[in-house]
Amino acid sequence: MNEAETQLDVLAVFSHPDDAELSVSGTLLKLKTLGYRTGVCDMTRGEMGTRGTPEIRAQEAMEAARVMKLDLRTNLEQPDGHIWPTEEARTAMVRVIRAHAPKVLLTTHWDDPHPDHANTCQIVRQAARLATMGRYDEGAGQKPAAMPAIMHSIFSRLVVPSFIVDVSDFVEEKIKAIKSHASQFYSAESREPTTRISKKDFLDQMEYRMRYFGSLISVEAGEPFFVREALNVDDPIALLARPMNIYS
């Protein structure tokens, strides 16, 4: 992965090394099969995590990147547990957006209960706009970027989705990508402290969640997203004629 030269269609920006896998890996896998260039930017190395080490987590992140067939995985090395929309953080994100020129950004929802997640969303939204301004950070010598669209993953709040992506064909690969972060999830041999996500039934809950959102669009599995901006629909018949559940 040549970070300096990789142009992307979609970039997922999340706080910790396993967040993208838990939230949007099914969508990233699907987009890859559709021919799009995909990437993940982790904001931190996950150094405040209860389990594992930053070094172990970095290795796991690259294995997950292989499973997800990413064209790029990068890390901004912001302080875990202390992500804020500072000038440093915004500038770092602007440089990533300008370097890779994604058409679409995937990130968390601004009302996520984890402060790192909520602040990552704010950084992404602010940096996406700042990246279009030619005189912002002009000393870096990068060209301004076109304003990317932003899709917010719905994960920790009861938010009505703007749309749900059918990921029925990618459930097994998504679970495999998640399990690449072996230090964070259930292992009978582990002697590390138990966390919410390392409980034995957590990955089952992840699959139930995908099945539920899939049921809302009459497919086997789905990942939900919210878009703040009004959606520009070219063909409403093609959009609304897709599988839909009138009871959702």
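Author: Buried means under 20% relative accessible area, and that cut-off is applied here to a predicted model.

Reader: Why is Thr107 called buried?

Author: Thr107 has a relative accessible area of 0%, which is under the 20% that the term requires, and Thr107 is therefore classed as buried. The residue is found in strand 4, and, leaving out residues up to four places away in sequence, Thr107 touches Val13, Phe14, Thr120, Cys121, Val124, Ile150, Met151, His152 and Ser153.

Reader: What makes Ser153 a buried residue, and which residues does Ser153 touch?

Author: Ser153, whose place is in strand 5 (residues 149-153), has a relative accessible area of 3%; since buried means under 20%, Ser153 is therefore buried. Among the residues that Ser153 touches, not counting those up to four places away in sequence, are Phe14, Ser23, Val24, Thr107, Pro224 and Phe225.

Reader: How do you know whether Pro54 and Glu55 are buried, partly exposed or exposed?

Author: Pro54, found in helix 2, has a relative accessible area of 18%, and because the limit for buried is under 20%, Pro54 is called buried. Glu55 also lies in helix 2 (residues 54-67), but its relative accessible area is 47%; exposed means over 50% and partly exposed covers what lies in between, so Glu55 is partly exposed.

Reader: What is Pro54 in contact with, and how far from Glu55 is Arg45?

Author: Leaving aside neighbours within four places in sequence, Pro54 is in contact with Arg45 and Glu47. Glu55 and Arg45 are 10 residues apart in sequence, and their C-alpha atoms are 8.3 Å apart in space. For Pro54 and Pro17, which are 37 residues apart along the chain, the C-alpha separation is 9.4 Å.

Reader: Why are helix 1 and helix 5 called oblique to each other?

Author: Helix 1 (residues 19-33) and helix 5 (residues 171-179) pack at an angle of about 135°, with their axes 9 Å apart. Roughly perpendicular covers 65 to 115 degrees and roughly antiparallel means over 145, and an angle of about 135° falls in neither range, so the two helices are therefore oblique. Helix 1 passes helix 5 in a right-handed crossing, where Glu21, Leu22, Ser23, Ser25, Gly26 and Leu29 of helix 1 meet Glu173, Lys174, Ala177 and Ile178 of helix 5. By class, this contact has 4 nonpolar, 3 polar and 3 charged residues.

Reader: What makes up the contact of helix 5 with helix 6?

Author: The axes of helix 5 and helix 6 (residues 202-215) come within 11 Å and cross at roughly 145°, and the crossing is right-handed. Val171, Lys174, Ile175, Ile178 and Lys179 of helix 5 make the contact with Leu203, Met206, Glu207, Met210 and Arg211 of helix 6. These residues divide into 6 nonpolar, no polar and 4 charged.

Reader: How do you know that the span of helix 3 is close to the one expected?

Author: Helix 3 (residues 87-100) has 14 residues and reaches 20 Å from its first C-alpha to its last, and the expected value, at 1.5 Å a residue, is 20 Å. Buried residues of helix 3 include Ala89, Met93, Val94, Val96, Ile97 and His100, and among the elements that cover the buried residues are strand 1 (10-14), strand 3 (72-75) and helix 4 (115-130). Helix 3 is followed by Ala101, whose phi is positive, near 45°.

Key: Residues are numbered from 1 along each chain as its sequence is written. This is a predicted model: local features need pLDDT of at least 70, side-chain atom pairs count only at pLDDT 80 or more; totals for chains, interfaces and linings use all residues. Side-chain values use heavy atoms; hydrogens and water are left out. Axes are lines fitted to C-alpha atoms, for helices over the stretch in contact, and angles run from 0 to 180 degrees between N-to-C directions. Helices (H or I, at least four residues) and strands (E, at least two) are DSSP runs, numbered from the N terminus. Angles under 35 degrees count as roughly parallel, over 145 as roughly antiparallel, 65 to 115 as roughly perpendicular and the rest as oblique. A crossing is left-handed if the near helix is turned anticlockwise from the far one by less than a right angle, and right-handed if clockwise. Contact means heavy atoms within 4.5 Å. Ala, Val, Leu, Ile, Met, Phe, Trp, Tyr, Cys and Pro count as nonpolar, Asp, Glu, Lys and Arg as charged, and the others, Gly among them, as polar. The expected span of a helix is 1.5 Å times one less than its number of residues. Buried means under 20% relative accessible area, exposed over 50%, partly exposed in between (1.4 Å probe, protein chains only).
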